[in-house]
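Reader: Got a minute to walk me through a model? I'd like the layout before I set anything up.

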Amino acid sequence: MKEIPGSKTLGLIARHKEVLATTTHDINFPVTVERGKGIYVWDADGNKFIDCFTQVSIADIGHCHPKVVEAVKQQADKLMACIGTDVYNSSQVEAAEKLARITHNSFPERDWRVYFCSSGGEANNAAIKLLIDRRPQRKKFISFLGAFHGRFGYALDVASSKSLHKRDFPKALDVIHLPYPDCRHCAYEKKPEDCAQLCIRFIEQEYLGRFCDPDEINGVIIEPIQGEGGFVVPSLLAIHDLHRLCQKYDWALVADEVQTGLGRTGKMFAIEHFAAIPDIICLAKKLGSGVPIGAIVFPRDWDFSRAGRHSTTFGGGPLGWAAAKATLEVLEEEKLIKRAAENGAYFIEKLKGIKNHFIGDVRGMGLMVGVEFVDESGGPNPASRNAVLQECVEQGILPLAAGHAQRNPIIRFLPPLIVTKDDIDKIVAKFEKALAKATKAPS
Ligand SMILES: Cc1ncc(COP(=O)(O)O)c(C=O)c1O
């Protein structure tokens, strides 16, 4: 392994800073990614890493999967520019049919229709627009503290991951933000044994009839497992109760599966773990294996009321549709969801076996796995998290930070669903070395 970060990486970062807008780049994570294959990526200096965050669950089936590459190449030879919201196109129809069928396999209670867009934020905006179009008299939405749904428009309004994203930007939507059913960091300081799902009960007890009436609320948007919020796995009973409330008051249940969806957690959709049936599922990231495409999947009879109520120029475009269809086929053909469930359980068990007093919790589902860092008193320890993350880069693995620094700082692992147990052994060994070096614990 050459020096990390190497001179080409440092040079590229300097050029980037001259010409590109400030976005989310973190000074603690000076990493370039120039090439990818399977579970590996290479930086500008030729250093090889195991991609343990798949660029936030984009490369779920592995980087540059040959089937997707071939589908994209064939499509590029045939047609790249197509305004699929004005004209009709077979690649778009085929991708939508595949996605609707996959959704039907998970939720056979309904027939599903698809709207394609190009990102997760767009998908969440489309979901909310669809719901307002359907029932314009219901103007309020419920969402959860710590949620990340996107950085603009309605998606930003329902998000509350960090005040940094929201402050100064005017709101367009009336949103009630409630504590997420997070039993490790319970907002009411209750224990799961005696809370009786207070976080959900609170809606009926405190909000309805006071802040608003049930028929003012249009829908509830939730990440079935919070991603940016710290890989928080909610209480099963709480999600069950939330689903019951939605049914009781006729609120739409929107599952933001942009990070969790398409097999990542060991089920096609993470909400399946909680036996809740969503009304709308929002997808993006992994759907196109790197070609930008997002989607919402919704009941066939909930379509937009009139042509032109909502639309977009690209909606994934021909390359996105070809990539999405091929990606969904690979998921099934290679049985990646089953593998995510099995290998994820193995990964969590191995991480739980690590003895280090800075590790406060290991949690997750399937191959969506987080390690939370605490200090001597059990409080949040973002400094150790950051130090370990930097050391991981040195060791040749690329996980990523998530969670709130002052609440639940984690290192998140989202390796490709194609990882084997041997790969996981290597990742855990490197992570242990990084931990030992960064926290000076014996390895
Ligand atoms: C759960 C969730 N929803 C929405 C988004 C926003 O997606 P995008 O960045 O493609 O707009 C993200 C991105 O991280 C996400 O994790």
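Author: We can take the domains, then a sheet, a residue and the ligand shell. Keep in mind that this is a predicted model.

Reader: Good. Which residues does the domain assignment give to domain 1 and domain 2?

Author: Domain 1 is 31-61 + 335-439. Domain 2 is 67-333.

Reader: What separates the centres of domain 1 and domain 2?

Author: Over C-alpha atoms, the centres are 25 Å apart. The contact draws 27 residues from domain 1 and 27 residues from domain 2.

Reader: Which elements each supply at least two residues to the side of domain 1 that touches domain 2?

Author: Two helices and three strands: α2 (54-57) and α12 (336-352), plus β11 (359-365), β12 (368-373) and β15 (410-413). The largest share comes from α12, with 5 residues.

Reader: And how many nonpolar, polar and charged residues on that side of domain 1?

Author: 14 nonpolar, 8 polar and 5 charged.

Reader: Switching to sheets. What is the order in the open sheet of 7 strands?

Author: β4-β10-β9-β8-β7-β5-β6, and the pairing is mixed. At the edges sit β4 (112-117) and β6 (174-178), each paired on one side only.

Reader: How are neighbouring strands turned against each other?

Author: By 20° on average, with direction ignored.

Reader: Zoom in on β9 and β10. Parallel or antiparallel?

Author: Antiparallel, over 3 bridges. Strand β9 covers residues 280-283 and β10 covers 294-299. L283 has A295 in β10 as its bridge partner.

Reader: New topic: V330. Where is it found?

Author: In helix α11, residues 317-333.

Reader: Buried or exposed, and why does V330 count that way?

Author: V330 counts as buried because it has 21 C-beta neighbours inside 10 Å, and the cut-off for buried is 20 or more.

Reader: What does V330 touch, leaving out residues up to four places away in sequence?

Author: I61, H65, K67 and V68. Take H65: V330 and H65 are 265 residues apart along the chain, yet their C-alpha atoms are separated by 8.7 Å.

Reader: Last one, the ligand. Which of the 15 residues around it come nearest?

Author: S119, G120, G121, V258 and Q259.

Reader: Which helix gives the largest share of that shell?

Author: Helix α5, residues 120-134, with 3 residues.

Reader: And the shell by class? How many nonpolar, polar and charged?

Author: The shell around the ligand has 8 polar residues, 4 nonpolar and 3 charged.

Definitions and conventions:
Residues numbered from 1 in each chain as written. Predicted model: local features only at pLDDT ≥ 70, side-chain atom pairs only at ≥ 80, totals over all residues. Domains from an automatic or database assignment. Contact = placed C-beta atoms within 7 Å. Helix = DSSP H or I, 4+ residues; strand = E, 2+ residues; numbered from the N terminus. Nonpolar A, V, L, I, M, F, W, Y, C, P; charged D, E, K, R; others polar. Pairing = 2+ DSSP bridges. Axes fitted to C-alpha atoms, helices over the stretch in contact; angles between N-to-C directions. Buried ≥ 20, exposed ≤ 12 C-beta atoms within 10 Å, placed from the backbone. Near = placed C-beta within 6 Å.
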